[in-house]
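Q: Please take a close look at one pocket in this model. What lines it, and what do the surroundings look like?

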Amino acid sequence: MSGASGEQAPAYRSILSIRDETARVQALNEHLSTRSYVRGYSLSQADVDVFRQLSAPPADTRLFHVARWFRHIEAILGGPCGRGEPCGRQASKGRRGQPQWSPPAGSPPCKLRLYNSLTRSKDVFIPQHGKRVTWYSCGPTVYDASHMGHARSYISFDILRRVLRDYFGYDVFYCMNITDVDDKIITRARQNYLFEQYRGKRPQAAQLLEDVHAALKLFSVKLCAATDPDKRQMLDRIQRAVKLAAEPLEKAVQSDLPEEVADRRVEVLLEEAKDLLSDWLDSTLGSEVTDNSIFSQLPKFWEEEFHRDMEALNVLPPDVLTRVSEYVPEIVNFVQKIVDNGYGYASNGSVYFDTVKFASSDRHSYGKLVPEAVGDQKALQEGEGDLSISADRLSEKRSPNDFALWKASKPGEPSWPCPWGKGRPGWHIECSAMAGTLLGASMDIHGGGFDLRFPHHDNELAQSEAYFENDCWVHYFLHTGHLTIAGCKMSKSLKNFITIKDALKKHSARQLRLAFLMHSWKDTLDYSSNTMESALQYEKFMSEFFLNVKDILRAPVDTTGRFEKWEDEESELNKSFYDKKAAVHEALCDNVDTHTALEEMRALVSQCNLYMAARKAARRRPSRALLESVALYLTHMLKIFGAIEEESSLGFPVRGPGTSLDLESTVMPYLQVLSEFREGVRKIAREQKVPEVLRLSDALRDDILPELGVRFEDHEGLPTVVKLGDREALLREREEKRRIEEEKRKKKEEAARKKQEQEGLPTHDTEGKELSKGQVKKLKKLFETQEKLYKEYLQMVQNGSFQQNSGD
């Protein structure tokens, strides 16, 4: 039994607080009666503190527990201590006492801090319920293809989620919504429906031209009203393209060309004028579209595409997904309670949030995230949507800052029954109702893009806290930074609008993720050739390290040979390994700073590379166990970051094209046999001086194997290193090597040519044909002979011997 540690220490402190000595000893006796304090008893500092208060065991036989306890401690300490005298364990009666032990001081653990938009600072992350984390993330509005701006948010949040879950060990419950009821969706769905109906009627050439001219008049009004230069540029380009497409059809009608020619030109104009005609048809027939199913087809299609894109990017699916169209009853109830709590009001079939009433409440504050943006009418109107900023809608509000919780549906819009008449949810209310239903009155983390802070998230906070009557709906607000394309805002008019599918045609999901990992999740990320080149180089650098370690681990060795004596180099590398792991941990604690973490990992690999190079130069084997430990750690970290998509025991996995086959474990034994056979053949060819065989061996290495995704690396005096990699990467590498060699060759030839010119030698014959190397060599020899004779002549002139000879 242990001494007065843990729960016993408070009991001893209570006994010491009793002033009367008799009462104190009686209390001690009662406490000790429940404990075994002779056999197996470990002395503690609390025992010693109480023991100091007694000069001798009590004489009262009824206090025998105290008497036995006193003699037991006395035997250990060697006698009682006077008041104020230090007590320590001493040798007594021929027995040596156990020395006192003290725990190490240690160092304070690093705490995870996250940049919280609510405080605009890095706050220590403290979930509400132990290790359980509730997280709501704003999902996409599904009306078009997902683009790299979406990838910026969802890859970044995927990295954060994985790090919290797989590195820090939190139990993360991740909820995300899909906005499938929205002004943009309504307009796009209605226009698509009307255009397909129009196309289905197969309009004649004359009718189509008449309709296109009517659409161009309406479009010119929109073009004149556009103030954004990028948008105006895009609209102007569309208008010119439609006019150009209309001219051939007009000529076909005027010239009475064959019907099939006119039909082809009709199809061209229909496709080119789709946007214009859709807008024109919507303006004239849009109010007649009332079937809710028409408005659900478009978001269903694009939601499916979004999920495919996320899967291709290796983004984990949410634990639960919510759609606005499926939560309309919950949204209606949510709005009703806000009204009942006095923070909402009905107006002309719509319901608005009363920002003035909410802000004036002692329990609430409006505009927590971006208080300086409160009153920004442009931002507020963008938040309301294009269909909700008409003059009559704006006049329904008590204050310009009020925003719609529920919108009365106009003709041509989807609608659901509710206490205020047929209508549809406002944009901001959807997240509050869905997150509140699943996560309750408060959540740990709410995430979204930087541009959602105001008005979307500020309005979410206000209406949710109005519903729950609290002031802490979200504890940590995380906002991902913007994404720019080569320094510019992504825009269709600038022709730099890049979809996720297009991006994945150029780079792999791992390369895109590495690019994001190399930047802070909360800062602007520039998607450019330089950014991607950095990611490609990092991937190649890490891949080479993994391949080198795998080659070392494949070398045959017996069991005991796996553990060799460590020299200073191994000890230094191991110390650096632990230092780098600590640095990575500190970086991840600091707002999940993956940029610094990756740089520390890069530095660790650089040190390993130097170590391996030194061992190779000394013809000594590196420590297999140490390098394997480093490689496994780096693999583990890259898995946490989601940069290694598949199961892989070490490094980046190599899969067969279109299959889940582990190519490396399957083919490597055969490649190893081929490598050893090739080494034997090369050795014989060198000994027997058969250059043709050596050239064939080099061709196998340089031309044939890279086509199969295999690289052989020959090192003088060492076994050939066999690496299995990505075929395309190896081919690019080969072409780059050939390009560099060709440049060197050209530079060398150019240098030789310039030297010839400086020496006065001709480089081309009389017909302009470049001289061969043999011809140049002969000319140079002839030149050197003539130069020698000339120098001899000059010497003779200088000495006067030429004149003397002439006189004779």
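A: The pocket comes first, then salt bridges, then the nonpolar cores. The model is predicted, so local features need pLDDT of at least 70 and side-chain atom pairs count only at pLDDT 80 or more, while totals for chains, interfaces and linings use all residues. Residues are numbered from 1 along each chain as its sequence is written, and side-chain values use heavy atoms, leaving out hydrogens and water.

The second largest pocket has a volume of about 1,100 Å³. A pocket here is an open set of points on a 1 Å grid over the protein atoms alone, where a 1.4 Å probe fits, with protein on both sides within 12 Å along at least five of seven lines; lining residues have an atom within 4 Å of a point. Its volume is the space filled by probe spheres set on the points, which are joined across faces, edges and corners.

The lining of this pocket numbers 37 residues. Nearest its centre lie Arg-510, Gln-511, Glu-539, Asp-726 and Ala-729. By class, 17 lining residues are charged, 13 nonpolar and seven polar. Charged means Asp, Glu, Lys and Arg; nonpolar means Ala, Val, Leu, Ile, Met, Phe, Trp, Tyr, Cys and Pro; the others, Gly among them, are polar.

Helices H19 (509–517), H20 (529–554) and H26 (727–759) and strand S16 (718–724) each supply at least two lining residues. H20 gives the most, with 10. Helices (H or I, at least four residues) and strands (E, at least two) are DSSP runs, numbered from the N terminus.

H26 also takes part in a salt bridge (a side-chain nitrogen of Lys or Arg within 4 Å of a carboxyl oxygen of Asp or Glu). Arg-738 meets Asp-703 at 2.4 Å, N to O. Arg-738 lies in H26 and Asp-703 in helix H25 (691–704), so the pair ties together parts 35 residues apart in sequence. Arg-738 is partly exposed, at 37% relative accessible area; Asp-703 is too, at 34%. Partly exposed lies between buried (under 20%) and exposed (over 50%), with a 1.4 Å probe and protein chains only. Elsewhere, a network of salt bridges links Lys-540, Glu-544, Arg-711, Glu-713, Lys-723 and Glu-733. The structure holds 56 salt bridges.

Now the nonpolar packing. The largest nonpolar core has 114 residues. Such a core joins buried Ala, Val, Leu, Ile, Met, Phe, Trp, Tyr and Cys through side-chain atoms within 4.5 Å. Phe-545 and Leu-634 are among the members that touch the most others. Beyond its neighbours within four places in sequence, Leu-634 contacts (heavy atoms within 4.5 Å) Met-542, Phe-545, Phe-546, Met-601, Leu-604 and Val-605.
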